[in-house]
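This briefing goes through one protein model, topic by topic. Keep the sequence and the 3D view at hand while reading.

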Amino acid sequence: MTRPDPITNPRPPIRQDALAAFVAQKAEIDEMLARLQELSDDHFCAHPEEIAWGHIGTLEHYASPLKRITDIAFGEGEHAN
């Protein structure tokens, strides 16, 4: 199998609908990340005098899917190369 020559046969341009969908999905992720950052900046609405073990459980619950996502995105944990 031969590889296409990028000079004589360049890749087709990204289809505009795919680009638009990508940009929309990225914007959705950016918005979620911004909201999570705001919540984190506010210490997840926890007040120091009221911290209990339930707060730690809640943070662990939040952290678990984020850890899975960062492991996939950065090739870490079980997704390490």
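**Salt bridges, helices and surface**

A search of the whole structure, which is a predicted model, finds 3 salt bridges. The protein has 2 helices and 0 strands. Of its 81 residues, 2% count as buried.

**Salt bridge of Asp17 and Arg15**
- The side chains of Asp17 and Arg15 meet in a salt bridge, with 3.0 Å from N to O.
- Asp17 is partly exposed, at a relative accessible area of 46%.
- Arg15 has a relative accessible area of 59% and is therefore exposed, since exposed means over 50%.

**Salt bridge within helix H1**
- Asp30 is joined to Lys26 by a salt bridge whose closest N and O atoms are 2.6 Å apart.
- Both Asp30 and Lys26 belong to helix H1, and they are 4 residues apart, about one turn of the helix.
- Asp30 is partly exposed, with 36% relative accessible area, and Lys26 also counts as partly exposed, at 44%.

**Salt bridge within helix H2**
- Lys67 and Asp71 form a salt bridge through their side chains, at 2.8 Å from N to O.
- Helix H2 covers residues 53–74 and holds both Lys67 and Asp71, which are 4 residues apart, about one turn of the helix.
- Lys67 is partly exposed, with a relative accessible area of 47%.
- Asp71 has a relative accessible area of 8%, so Asp71 is buried; the cut-off for buried is under 20%.

**Helix H1 and what follows**
- Helix H1 runs over residues 16–41, and Asp41 is part of this helix.
- H1 has 26 residues, so at 1.5 Å a residue H1 should span 38 Å.
- The end C-alpha atoms of H1 are 37 Å apart, which agrees with that expected span.
- His43, just after H1, takes a positive phi of about 55 degrees.

**Surface**
- The protein exposes about 7,800 Å², and carbon and sulfur atoms supply 61% of this area.
- Glu31, Glu38, Asp41 and Asp42 form a negative surface patch.
- Asp41, one of the residues of this patch, is exposed, with a relative accessible area of 52%.
- The value for Asp41 meets the area condition for a patch, because patch residues need over 30% relative accessible area and no salt bridge.

Note on methods: Residues are numbered from 1 along each chain as its sequence is written. This is a predicted model: local features need pLDDT of at least 70, side-chain atom pairs count only at pLDDT 80 or more; totals for chains, interfaces and linings use all residues. Side-chain values use heavy atoms; hydrogens and water are left out. Patches are made of residues with over 30% relative accessible area and no salt bridge: like charges are joined within 9 Å, nonpolar side chains (Val, Leu, Ile, Met, Phe, Trp, Tyr) within 5 Å. Accessible areas come from the Shrake-Rupley method with a 1.4 Å probe; for residues, only the protein chains shown count as cover. A salt bridge is a side-chain nitrogen of Lys or Arg within 4 Å of a carboxyl oxygen of Asp or Glu. Lys and Arg count as positive and Asp and Glu as negative; His and the chain ends are not counted. The place of a charge is taken as NZ of Lys, CZ of Arg, CG of Asp or CD of Glu. Buried means under 20% relative accessible area, exposed over 50%, partly exposed in between (1.4 Å probe, protein chains only). The expected span of a helix is 1.5 Å times one less than its number of residues.
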